[in-house]
Each structure stands twice: as structure tokens, then as C-alpha cells.
Amino acid sequence: YMRVKEAPARLIETLPRALLPHLKFLVALREPVSRDLSWFNHQQTTNHFYCAEYRKLPAAKDYNANANLTLSCMREERQQECCAKSGETGMYAQQLQRWFSYFRRDQFLIINSETLKYNKTDTLQRIASFLGASGSEWNNLSMPQKNIVSGNRVWTIANMHPEVCARMRDKFALANHNLYKLLATSAPHAPKEQMPFPPFLDPCTNAKNEKMPTRLQIAAKKQVDRMNLLRAWELQKRRLQRNQNTMQGHDPPRSAGVGEEGTKGARKGESKEARERRRESTTERVQDGGMETEGERKREGKSDIHKAQILSLPLPSGTL
């Protein structure tokens with residue numbers, strides 16, 4: 001097993017030295033919480049629990065109790081007394097780092113099992129190329145996505161208590177981050193068939209036991225939602241700006257010291273006397289050391305409202 005610390009050294013001691021540089025390792029990594037749940041189903045189906053802690057009720061029949069036991073045994077103070085090492089199996093980064101210290105990085109093709117599940121054709125082609133095979137005989141390869149079990153209850157993510165699922169997910173969060181970092185930094189030395197490793201899907205989002213979409217589908221949906229939100233924000237901003245410009249455009253330009261409709265805004269054909277009467281009828285008052293008409297105050301007030309509406313629009317996250 002990849003998690004066994006002695007495995008790499010034992011492999012080197014067992015195989016002929018001339019063969020070691022030509023070894024190729026295909027590593028399919030499953031999201032840790034889903035992997036732990038699958039391991040529980042396997043032990044329950046075979047009625048063989050490898051650790052005495054798990055043979056006791058309710059851990060032997062209830063995955064929620066089983067997961068709580070795993071979380072307890074993953075605490076540092078209990079790691080020595082617990083036989084249960086199921087949690088450590090999902091700590092992929094430290095296991096791969098150990099193997100990389102014995103073998104070259106380009107001897108490993110590491111895939112996310114979700115890509116093998118949802119993008120079978122492309123993934124199998126990459127595997128065939130890595131192994132030096134044609135891969136044509138794999139085109140019609142059947143890959144069932146459900147275990148066929150009789151007699152025992154098969155637990156799924158949907159059966160998990162949401163709090164237990166969240167605790168398990170959070171427990172593996174740092175380990176997953178370290179895995180992504182390790183694969184990214186080692187990418188220059190990876191084989192040509194190695195594609196960027198997509199992050200694991202959130203296991204707790206599958207609460208209704210529905211088929212989980214691929215990472216690309218999730219990313220595409222998020223991008224579409226973001227663009228739609230940004231487009232709606234821009235349209236609303238333009239609409240408010242257009243209303244503001246339209247309102248201001250009804251008022252002719254004015255010069256300083258002149259009323260709401262000043263000399264430059266004199267109506268066509270308006271006599272000098274009519275213009276003077278209109279100016280005198282405009283109520284003026286002193287504000288902040290300057291002259292401001294009632295019309296100006298109303299116009300500026302409406303303008304401030306529009307500015308406030310624009311500034312208060314929620315900017316979509318990630319747009320800056």
C-alpha cells in the first residue's frame with residue numbers, strides 16, 4: 001500500500017536494480033472522505049474490521065460512529081494507542097513525498113479518480129500513453145460506478161450526518177492543500193501525460209445522493225453565474241447613469257453667478273426684459289458662501305441620490 005512507510009525501500013530491495021529506473025507507478029487518488037466511507041463499506045461487507053476499535057458497536061454498523069472514532073484516533077495524543085489508521089490513508093501528500101524520495105517524479109502518473117470516473121476516454125488515453133500501450137482495447141471498457149453488495153447496507157455520503165461530513169472534510173483540508181502544492185511544485189519533473197491535478201469535489205455537497213458534476217462543470221457554472229451578475233450590475237449602473245444624464249440634459253448650461261437658466265441658456269427669441277423678469281423670479285439664497293438657486297438644490301439632490309444608488313450597488317466578487 002502507498003501509505004506503508006516501508007514499502008518503497010522494500011520494493012528497492014526486492015526488485016533487480018536495473019529494473020528500478022523503468023518502473024512506472026499509476027496513482028489514482030480519491031477524495032479522502034469518500035475513500036474512508038468506501039473502506040467502511042468494504043469492511044462491513046466482508047465482516048472483517050482490521051482494527052479492534054471498529055469491531056465494537058455502533059462503529060461496526062454506523063458510519064457516523066465509525067467516522068467519529070477515526071477523528072478521535074487522528075488526534076495527536078491518541079495516534080500511538082489507536083490501531084485505526086484509516087485517517088492517515090487519506091494524507092496523500094506525505095505518502096507521495098516519501099515515494100518521490102526513492103523514485104523519480106516522472107515515474108508517477110497521478111490522477112484524480114473523479115476524472116477517471118467522469119472523463120474516462122481522455123484519462124484512459126493518458127494512462128495508455130504513460131504505460132506505453134495503445135489503449136485502443138480500452139475504448140469499450142466498462143467501469144461501474146456503484147458497488148453491488150447483497151445482505152448489508154451500503155452507506156453513501158447522503159447517509160452521513162452533515163456535521164460528521166463537515167468535520168471529516170475539514171480534517172483533511174490541510175492534507176489536501178499540501179497535496180495540491182506538492183503536485184504543482186513537482187509538475188516540471190512530471191511525465192508529459194500528467195495534467196494539472198483538479199481539486200477534490202466537496203463531498204458534503206452530495207447530500208441528496210445525486211450524481212456529482214465534474215470539476216469543469218462546476219467551474220463553468222461559477223463563471224457563468226459571475227458573468228451574469230457582472231452583466232446585471234453593469235446594466236443597472238448604465239441605466240442609473242443614463243437617467244442622471246437625461247435629467248441633467250433637460251437643463252441648459254449656465255454660467256456662474258446667473259440663475260437656474262442663465263444668459264447662456266436664454267430661450268430662443270426671448271427678449272431681454274422677459275429674461276430679466278425670469279431671473280428676478282428665481283429664488284436665491286446664500287449657501288456655503290455662494291449663491292444657489294432652488295432649482296440647483298433640487299437638481300443636485302437628485303444627482304446625489306443617483307450617485308448614492310450607483311455606489312451602493314453590490315460589486316460582484318472577483319471582478320476587481
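**Entry 1. A first pair**

Which residue forms a salt bridge with K192, and how many Å apart are the closest N and O atoms? I looked up the pair in this predicted model. The partner of K192 is E193, and the closest N and O atoms lie 2.7 Å apart. I then asked whether each of the two residues is buried or exposed. K192 is exposed, at a relative accessible area of 70%. E193 has a relative accessible area of 9% and is buried, because buried means a value under 20%.

**Entry 2. The chain as a whole**

I next turned to the overall figures. The chain has 320 residues, and 35% of them are buried. I recorded 13 helices and four strands as its secondary structure. For the accessible surface, I noted about 20500 Å² exposed by the chain, with 53% of it supplied by carbon and sulfur atoms. I also looked up contacts with a separation of 6 or more: residues 24 or more positions apart account for 68% of these.

**Entry 3. A pair within one helix**

How many salt bridges does a search of the whole structure find? The search finds six. I took up the one between the side chains of D122 and R126, where the N to O distance is 3.6 Å. Both residues belong to helix α8, which covers residues 120–131. They are four residues apart, about one turn of the helix. I checked their accessibility as well. D122 is partly exposed, with a relative accessible area of 34%, whereas R126 counts as buried at 14%.

**Entry 4. A pair across the chain**

Which residue forms a salt bridge with D202? I found R169 as the partner, with the closest N and O atoms 3.2 Å apart. This pair links distant parts of the chain, its members being 33 residues apart. R169 lies in helix α9 (residues 162–171), while D202 lies in the loop between α10 (173–185) and α11 (215–249). D202 counts as partly exposed at 30% relative accessibility. R169 is partly exposed too, with a relative accessible area of 28%.

**Entry 5. Back to the first pair, and a network**

I returned to K192 and E193, whose side chains form the salt bridge with which these notes began. I then looked for salt bridges that share partners, and recorded that R169, D170 and D202 are joined by them into one network. As a general note, I add that side chains of opposite charge can pair when their charged atoms come close.

Methods:
Residues are numbered from 1 along each chain as its sequence is written. This is a predicted model: local features need pLDDT of at least 70, side-chain atom pairs count only at pLDDT 80 or more; totals for chains, interfaces and linings use all residues. Side-chain values use heavy atoms; hydrogens and water are left out. Helices (H or I, at least four residues) and strands (E, at least two) are DSSP runs, numbered from the N terminus. Buried means under 20% relative accessible area, exposed over 50%, partly exposed in between (1.4 Å probe, protein chains only). Contact means heavy atoms within 4.5 Å. Accessible areas come from the Shrake-Rupley method with a 1.4 Å probe; for residues, only the protein chains shown count as cover. A salt bridge is a side-chain nitrogen of Lys or Arg within 4 Å of a carboxyl oxygen of Asp or Glu.
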